[in-house]
Amino acid sequence: MQITVKLFATFRQDRFKLAEQDYPEGTTIADVLDALAIAAPDVGMLFVNGRSAEPERRLASGAVLAIFPLVGGG
Amino acid sequence: MDKILRVNMTDLTVKVEPVPADWAGLGGRALTSTIVAAEVPPTCHPLGPNNKLVFAPGLLSGTAASNANRFSCGSKSPLTGGIKECSAGGTSSGLIARLGYKAIIIEGKPAGDTWYTVVVHKDGATIKPETEVLRLGTFATVQHVNEHYGEDFGVITLGPAGENLMAIANISVKDPESKIRSFGRGGLGAVMGSKKVKMIVVNPEGGVALRLADPAKFKAANQAFTKTLLDHPVSGQGLKKYGTAVLVNVLNEAGGLPTKNFTSGQCAHHDAISGETMYENIVARGGEPSHNCSPSCQIQCSQIYNDKDGNYVTSGFEYETIWALGADGMVEDLDVIAEIDNVFDDIGVDSIETPVMLAVAMEAGLLPWGDGKRILELLRNDITHATPLGRMLGGGTGHVGRAFGMTRIPVVKNQAIPAYDPRPIKGIGVTYATTTMGADHTAGYAIATNILNVGGKVDPLSNDGQVELSRNLQIATAAIDSTGLCLFIAFPALDIPECLGGVIDLLNARYGINLTGDDVIALGKQVLKIEHAFNLAAGLGPETDRLPEFFELEAIEPHNVKWDMDQKELASFWNF
Ligand code: SF4
């Protein structure tokens with residue numbers, strides 16, 4: 001199935017900004033993180049279709065997954 | 001040897017007074033709000049002789065404590081009609097503290113047309129007629145002080161907007177690079193202008209190292225505290241690299257980036273105006289991604305942004321400014337936004353109120369969406385020279401919205417709503433509605449817990465738990481704002497226990513006292529209650545603790561949500 005993956009801040013280094021990627025059915029966010037070699041403790045925010053999500057979450061075909069490191073401002 | 005410096009602009013006299021016992025344990029916001037509540041009649045005209053302008057370094061300012069060199073400015077706000085406290089960096093806070101002044105109170109109002117400079121020094125202050133820097137921008141004014149007084153002098157000044165008593169006018173403070181930091185919100189520049197004070201310069205001569213009750217404990221506490229600032233990924237790495245503008249993409253993803261005058265929660269050109277793009281430009285053009293706005297800052301969220309030819313354009317290029325111009329006002333070019341930010345600093349206007357007002361003016365049809373060139377003209381011509389159009393714009397977001405008969409006017413207590421839409425991020429909506437300041441994200445930064453997953457998680461789309469979250473944050477913020485510490489220490493403070501412990505140890509070692517965490521919370525509550533009582537007496541009753549109606553009527557994409565918090569639940573905010 002097709003997943004759109006968006007990366008931000010330091011996660012873009014040596015990776016990409018946005019990519020359409022093919023994953024098997026049943027893929028979780030954690031599987032995508034593994035595939036991208038992003039360590040779980042470095043992750044600050046995960047959004048699926050604009051809503052906050054947990055790593056165990058299974059992705060549906062066509063999902064847009066956004067992955068941020070721990071960042072903040074104000 | 002703590003003193004209060006009282007500068008009376010009616011009869012041009014200066015008094016150095018002892019600190020009343022009640023004020024001895026206060027600093028920063030706690031002190032400015034206490035003094036304003038004690039000495040300013042809540043019903044006075046903000047630009048009249050009965051209003052006062054109070055500057056107070058924080059409780060830790062002037063010491064070697066990390067991130068502690070910020071100070072507060074308090075008054076009755078001409079924008080909101082309520083009490084106001086702003087925090088700013090720059091070099092003056094530490095200098096004032098080391099001269100022994102806990103607060104500087106500017107009161108009264110001169111009768112004639114003469115403008116003045118107030119020179120603060122170790123023995124008091126000298127009030128001098130001012131002609132040379134009148135109508136100059138803030139950068140030229142700072143330059144003038146560097147050349148004619150000394151590079152090491154502190155400067156607190158107005159741009160033309162403040163001289164013209166506009167409600168969008170801020171007060172500018174010289175930073176370590178002779179650039180500008182600001183007491184941004186609430187039109188405090190107009191209050192200073194009403195007193196005919198163009199600038200306050202601070203002569204550092206005779207300043208002394210502050211006495212510490214327990215120097216060894218202070219040093220150890222500062223080391224432990226600083227470690228938490230450097231260890232936390234947000235304060236130790238994220239803010240240094242991307243500044244606060246990293247939030248553009250975060251809020252866009254979360255659907256809470258108010259776009260085109262709050263008609264959408266996402267912006268198509270978000271990447272062009274993001275912190276990531278800013279960082280790339282800074283590095284490619286020889287700017288500086290990390291920079292401090294005040295001495296002893298370890299977090300360094302500020303930066304120096306250059307143009308394509310490598311020339312300085314702006315510093316302290318904040319998320320809120322970039323959001324307001326770039327998403328709310330649809331200016332798509334980050335370089336144009338940077339140029340406008342520089343003009344905001346130079347003419348001395350709030351970089352939130354002004355662009356939010358401009359987006360309302362765009363919707364009204366006064367200028368095209370995203371027209372950076374026209375914005376620059378309006379700023380440089382109309383606002384700078386106070387043409388009738390400039391004065392209308394200078395009244396702020398609410399003023400312009402009313403002038404054009406609009407209903408979508410994003411203000412609370414007449415102050416512009418900043419960069420986070422309250423419909424999909426309910427916690428920040430509670431803060432906007434209830435804070436004593438008028439719409440102000442910093443008063444209780446619920447974004448941390450609603451979006452950034454700092455200090456736990458509270459679902460931003462649900463009303464549950466938001467009042468409590470905002471209340472706890474507002475209480476803690478009022479306390480932090482009293483220490484002189486930068487609010488960004490809240491990121492480690494929410495996650496690492498040693499951070500707040502370090503702050504308390506610093507206070508105890510500085511003053512030889514035995515504060516506990518509960519005392520700090522009690523101080524925060526006391527500050528909020530003093531401010532709330534002032535607002536009630538000023539006519540800002542419970543009916544003003546609410547968001548504008550359009551948030552209840554218009555759903556926002558992508559989450560398709562309205563503001564739907566019960567007014568009774570909101571009112572329960574004050575049950576403490
Ligand atoms: S973190 Fe930013 S706002 Fe805070 S003191 Fe440092 S430069 Fe100033």
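How many bridges join strand S3 of chain A to S5(A), and do the two strands run parallel or antiparallel? The tour below begins with that pair of strands. Please keep in mind throughout that this is a predicted model.

**Stop 1: the strands of chain A**

Select strand S3, residues 43–48 of chain A, together with S5(A). The two strands are joined by 5 bridges and run antiparallel. Within this pairing, A:Phe47 has A:Ala66 of S5(A) as its bridge partner.

Now add strand S1, residues 2–7 of chain A. This strand is joined to S5(A) by 4 bridges, and here the strands run parallel. Locate A:Lys6, which stands opposite A:Ala66 in S5(A). A:Ala66 is thus a useful residue to label, being opposite A:Lys6 and also the bridge partner of A:Phe47.

Is S5(A) mostly covered or mostly uncovered? Select its residues, 64–69, and inspect the surroundings: the strand is mostly covered, with 5 of its 6 residues buried.

**Stop 2: chain A as a whole**

Next, display the whole of chain A. The chain contains 1 helix and 5 strands. Followed from the N terminus, the elements run β-β-α-β-β-β.

Rotate the C-alpha trace; along its principal axes it spans about 35 × 25 × 20 Å. For 74 residues, a compact globule would have a radius of gyration near 11 Å, and the 11 Å of chain A agrees with this. Of these 74 residues, 54% are buried.

If a surface is shown, its accessible area comes to about 3400 Å², and carbon and sulfur atoms account for 50% of that area. Contacts may also be examined. Among those between residues at least 6 apart in sequence, 57% join residues at least 24 apart.

**Stop 3: around the ligand**

Move to the ligand and select the residues around it. Which residues come nearest? Of the 14 around the ligand, the nearest are B:Arg70, B:Cys293, B:Cys297, B:Cys301 and B:Cys486. Colouring the shell by class reveals 6 nonpolar, 6 polar and 2 charged residues.

**Stop 4: helix H7 of chain B**

Select residues 233–242 of chain B, which form helix H7. This helix is mostly covered, as 7 of its 10 residues are buried. The buried residues are B:Val234, B:Ser235, B:Gly236, B:Gly238, B:Leu239, B:Lys240 and B:Tyr242.

To see what they pack against, show helix H6 (215–231), helix H9 (275–284), strand S13 (288–291) and helix H19 (490–495) of chain B. Then step to B:Gly243, which follows H7(B) and has a positive phi, near 65 degrees.

**Stop 5: backbone details in the loops of chain B**

Select B:Leu12, in the loop between strand S1 (3–8) and strand S2 (13–18) of chain B. Its phi is near 55 degrees, a positive value in a residue other than glycine. B:Leu12 is partly exposed, with a relative accessible area of 35%.

Continue to B:Lys413, in the loop between strand S16 (411–412) and strand S17 (415–416) of chain B. Although B:Lys413 is not a glycine, its phi is positive, about 50 degrees. Is B:Lys413 buried or exposed? At 10% relative accessibility, B:Lys413 counts as buried.

Finally, select B:Glu557 and B:Pro558, which are joined by a cis peptide bond with omega of about 5 degrees. B:Pro558 lies in the loop between helix H22 (550–553) and helix H23 (567–571) of chain B.

Key. Residues are numbered from 1 along each chain as its sequence is written. Chains are lettered from A and ligands numbered from 1 in the order in which they are written. This is a predicted model: local features need pLDDT of at least 70, side-chain atom pairs count only at pLDDT 80 or more; totals for chains, interfaces and linings use all residues. Side-chain values use heavy atoms; hydrogens and water are left out. A residue is near a molecule or strand if one of its heavy atoms lies within 4 Å of it. Ala, Val, Leu, Ile, Met, Phe, Trp, Tyr, Cys and Pro count as nonpolar, Asp, Glu, Lys and Arg as charged, and the others, Gly among them, as polar. The radius of gyration is taken over C-alpha atoms; the globule rule is 2.2 Å times the number of residues to the power 0.38. Buried means under 20% relative accessible area, exposed over 50%, partly exposed in between (1.4 Å probe, protein chains only). Contact means heavy atoms within 4.5 Å. Accessible areas come from the Shrake-Rupley method with a 1.4 Å probe; for residues, only the protein chains shown count as cover. Two strands pair if DSSP finds at least two bridges between them.
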